[in-house]
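Work through the exercises below with the model open beside you. Try each task before you read its solution.

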Amino acid sequence: MKTLSRRGLFGAACLACGGAHMGLTATPVQAQQNWSPPAAAQRCPSRWGAADRRGSMNLMTPARAQSAARLIRTGESVELGHTLAPTMPFFGTRRFDLHTKRTFMNPEANRRGSNEEIVITEIGQVGTQLDAFPHQTIGDEVYNCVNLPSISSRAGFTEMGVHTIGTIFTRGLLIDVAGAKGVPVLPDDYEITVADLEQALTRQNSTIQEGDAVIIHTGWGTLWGRDNARYVRTCPGIGVAAAEWIIARNPMLMGSDNWPVECAPSKTMPNASLPVHQIALVVHGVHLLENMKLDELARRPQKEFAFMMQPLKVQGGSGSTVAPTAMF
């Protein structure tokens with residue numbers, strides 16, 4: 001297998017496996033099994049140039065927003081975000097606590113009362129959430145080989161914080177892998193392959209277009225709030241090869257109804273931690289949208305829709321809880 005140049009690495013139209021994308025001299029099967037994070041010289045500068053900090057958000061253009069708007073025909077909408085509540089599944093010390101500040105009665109004669117709340121939470125990494133680039137690293141480098149310590153401060157990241165992403169309004173595409181397999185939920189550790197994606201797309205008569213919000217339905221979201229222990233223990237999701245295949249088609253973001261978008265633990269790298277996070281966020285600058293609510297969307301016959309979302313303007317944040325919407 002010929003070793004790919006860095007330009008070929010980022011511009012290949014079809015990548016059979018993660019290892020081939022990184023230029024490993026191995027067969028496709030071996031390459032997938034031996035994938036490892038690419039060296040800085042292989043991944044930087046990004047396709048957008050050495051100074052770029054937006055990655056795939058460069059695809060969010062006025063023309064793309066106009067194209068998405070033309071997909072809205074009936075005005076129907078489907079909410080794709082879970083409700084924030086203490087009953088959500090969490091990892092480690094992540095939490096969500098809401099404490100109501102009970103009615104304060106103003107002294108004027110009209111007796112205007114007001115209520116507020118204090119929320120104690122990790123706002124960037126709970127619930128339905130969008131990952132910003134500083135959330136993940138290869139060593140001490142984030143997207144475009146930016147040195148993490150150089151952009152870290154006690155008040156957030158000084159570059160590529162979630163507040164810089166802005167409004168996302170583009171074509172959304174649901175790839176219903178669970179539906180294509182004829183099951184409500186994929187098995188606990190099922191790693192979605194390129195063949196699985198192609199099967200689902202053929203069944204839907206759909207294709208991925210540049211700038212899409214590509215959303216993967218695994219059925220895992222049905223466990224949300226019902227079996228949280230199982231939800232966070234493992235999950236089905238895309239493998240390295242499938243992630244590379246999607247990214248080669250230039251999506252704006254990738255999302256799923258599981259917690260990491262990818263299969264966990266990885267079948268490609270059983271001893272590694274979430275390699276697709278590195279591929280998407282660090283190598284290619286493609287945001288990940290996790291813990292989506294996709295049950296209602298998956299029941300609809302239309303798999304293409306106008307996708308809209310805006311992260312919270314958290315200065316320097318590593319991510320944001322979000323409430324995305326599909327409109328038809």
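Two strands pair if DSSP finds at least two bridges between them. Helices (H or I, at least four residues) and strands (E, at least two) are DSSP runs, numbered from the N terminus. This is a predicted model, where local features need pLDDT of at least 70, side-chain atom pairs count only at pLDDT 80 or more, and totals for chains, interfaces and linings use all residues. Residues are numbered from 1 along each chain as its sequence is written, and side-chain values use heavy atoms, with hydrogens and water left out.

**Exercise 1. Find the strand partners of β5.**

Task: Which strands pair with β5, and in what sense?

Solution.
- Step 1. Go to β5, residues 168-176. 
- Step 2. Look at β7 (213-217). β5 and β7 run parallel and are joined by 5 bridges. Leu174 has Ile215 of β7 as its bridge partner.
- Step 3. Turn to β11 (304-309). Its pairing with β5 is antiparallel, over 6 bridges. Here Thr170 stands opposite Phe307.
- Step 4. Check the burial of β5. Buried means under 20% relative accessible area, exposed over 50%, and partly exposed in between (1.4 Å probe, protein chains only). In β5, 9 of 9 residues are buried.

**Exercise 2. Read the two sides of a helix.**

Task: Which residues of α5 are buried, and which exposed residues does the opposite face carry?

Solution.
- Step 1. Helix α5 spans residues 62-69. Its buried residues include Arg64, Ala65 and Ala68.
- Step 2. These residues lie on the same side of α5, because they cover an arc of only 100° around the axis. The arc is that of the directions from the helix axis to the C-beta atoms.
- Step 3. Pro62 and Gln66 are exposed, on the face turned away from the buried side.
- Step 4. Now look for the cover. Contact means heavy atoms within 4.5 Å. β5 and β11 are among the elements that cover the buried residues of α5.

**Exercise 3. Map the largest nonpolar core.**

Task: How many residues has the largest nonpolar core, and which have the most contacts inside it?

Solution.
- Step 1. Fix the term. A nonpolar core is a set of buried Ala, Val, Leu, Ile, Met, Phe, Trp, Tyr and Cys residues joined through side-chain atoms within 4.5 Å.
- Step 2. The largest one has 43 residues. Ile175, Leu197, Ile216, Ile238 and Met254 have the most contacts inside it.
- Step 3. At least two residues each come from β5, α6, α7, β7, α9 and α10. The largest share, 7 residues, is supplied by α9.
- Step 4. Another core lies apart from it, with 32 residues, including Leu80, Leu130, Ile165 and Ala326.
- Step 5. Set this beside a general trend. In soluble globular proteins, nonpolar side chains tend to be buried together.

**Exercise 4. Trace two buried polar side chains.**

Task: What do the side chains of Asp196 and Thr321 reach?

Solution.
- Step 1. Asp196 sits in helix α7 (residues 194-204). It is buried, at 5% relative accessible area.
- Step 2. A polar contact is a pair of N or O atoms within 3.5 Å; within protein, one must be able to donate a hydrogen and the other to accept it, and residues adjacent in sequence count only if both atoms are side-chain atoms. The Asp196 side chain makes one with the side chain of Tyr190, at 2.8 Å. It also reaches the backbone nitrogen of Thr193 at 3.1 Å.
- Step 3. Thr321 belongs to strand β12 (residues 319-321). It is buried too, with a relative accessible area of 10%. Its side chain reaches the backbone oxygen of Thr128 at 3.4 Å.

**Exercise 5. Spot the unusual backbone.**

Task: Where are the cis peptide bonds, and which residues have a positive phi although they are not glycine?

Solution.
- Step 1. Recall the background. Most residues other than glycine have a negative phi, and most peptide bonds are trans.
- Step 2. A cis bond joins Cys44 and Pro45, with omega about 0°. Pro45 is in the loop between α4 and α5.
- Step 3. Another cis bond joins Ala264 and Pro265. Pro265 is in the loop between β9 and α10.
- Step 4. Met160 has a positive phi of about 60°. It lies in the loop between β4 and β5, and is buried at 5% relative accessibility.
- Step 5. Asn250 also has a positive phi of about 60°. Its loop runs between α9 and β9.
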